[in-house]
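Thank you all for coming. I would like to walk you through one model this morning, taking it slowly for those who have not seen it before.

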Amino acid sequence: MSIGEAAKALGVSITTLRRWEASGKLVAEHTAGGHRRYDLAKLKPELFRSEAEACRRTVAYARVSSHDQKGDLERQKQVLELYCARQGWTFEVIADLGCGMNYQ
C-alpha cells in the first residue's frame, strides 16, 4: 500500500511514517520510481492472524545470575518486550534473578 494508505491505516501522519522509516522502526519497499510501499500484514499483523494464533501467548525469559546484575536484567526485559511487541505477539516476560552458588 502507499504511504498515504499506510498512514491512514495506522492513524498517524505521513511525516511520522517517514520518521519511523529513517529511525529503523519500519521498513518500506521502494518502487523503481522511488515511491514507498508498505506491507499491511507487517504493519498490522493482528488483522492476518488465524483464531488459533490470536490465542497464543509467547513467554520471554530473562535471567541474570547475581544481584549485582540487576540492571542487566532490566535491560534484558526491555529488549524482550520491545522485540515481542514489534512482532505483534501477545506475550509475558518472566524475569529470574538467580542467587548463584555459595560454597561457604
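Let me begin with a question: of the contacts in the chain with a separation of 6 or more, what percentage is accounted for by residues 24 or more positions apart? The figure is 52%, and please keep in mind throughout that this is a predicted model.

For general orientation, the secondary structure of the chain comes to five helices and four strands, and if you read along the sequence you will meet them in the pattern α-α-β-β-α-α-β-α-β. The chain has 104 residues, of which buried residues make up 16%.

Let me start at the beginning of the chain, where the UniProt record, in an unreviewed entry, places the annotation "domain: HTH merR-type" over residues 1–39. Over that stretch the chain is 46% helix and 10% strand, and the C-alpha atoms at its two ends are 6 Å apart.

Within it, helix α1 runs over residues 3–10, and its buried residues include I3, A6 and A7. Seen down the axis of α1, the buried residues fall within an arc of 100°, so they line one face of that helix. The elements that cover them include α2, residues 14–23, together with β2, residues 36–37, and α3, residues 40–43. Just after α1 comes G11, which takes a positive phi of about 75°.

Helix α2 can be described along similar lines, with T16, L17 and E21 buried. These residues cover an arc of only 135° around the axis, which puts them on the same side of α2. They pack against α1, against β1, which is residues 29–30, and against β2. If you now turn to the face of α2 that points away from its buried side, you will find the exposed residues T15, A22 and S23. α2 is followed by G24, and the phi of G24 is positive, near 90°.

Let me move further along the chain, to the strands β3, residues 58–64, and β4, residues 91–97, which pair with each other in the parallel sense over seven bridges. To give you one position to look for in this pairing, A60 stands opposite V93 in β4. How are these two strands connected? Helix α5, residues 70–87, joins with β3 and β4 to make a right-handed β-α-β unit.

The loop between β3 and α5 is the place of S65, and this is a residue that UniProt, again in an unreviewed entry, lists for "active site". Is S65 buried, partly exposed or exposed? At 38% relative accessibility, S65 counts as partly exposed, because that category lies between the cut-offs of 20% and 50%.

My last topic is aromatic rings. A pair of aromatic rings is described by the distance of the centres and the angle of the planes. A search of the whole structure finds one aromatic pair. The rings of Y83 and W89 have their centres 5.6 Å apart and their planes at 80°, so this pair is edge-to-face. As for accessibility, Y83 is partly exposed, with a relative accessible area of 46%, and W89 is likewise partly exposed, with a relative accessible area of 35%.

That is where I will stop, and I am happy to go back to any part of the model.

How values were computed:
Residues numbered from 1 in each chain as written. Predicted model: local features only at pLDDT ≥ 70, side-chain atom pairs only at ≥ 80, totals over all residues. Heavy atoms only, no water. Buried < 20%, exposed > 50% of the residue type's maximum accessible area, 1.4 Å probe, protein only. Arc of directions from axis to C-beta. Contact = heavy atoms within 4.5 Å. Phe/Tyr/Trp six-rings, centres within 6.5 Å; stacked < 30°, edge-to-face > 60°. Pairing = 2+ DSSP bridges. Right-handed = clockwise from strand over helix to strand, strands pointing away. UniProt positions renumbered as here; feature names shortened; annotations may be inferred.
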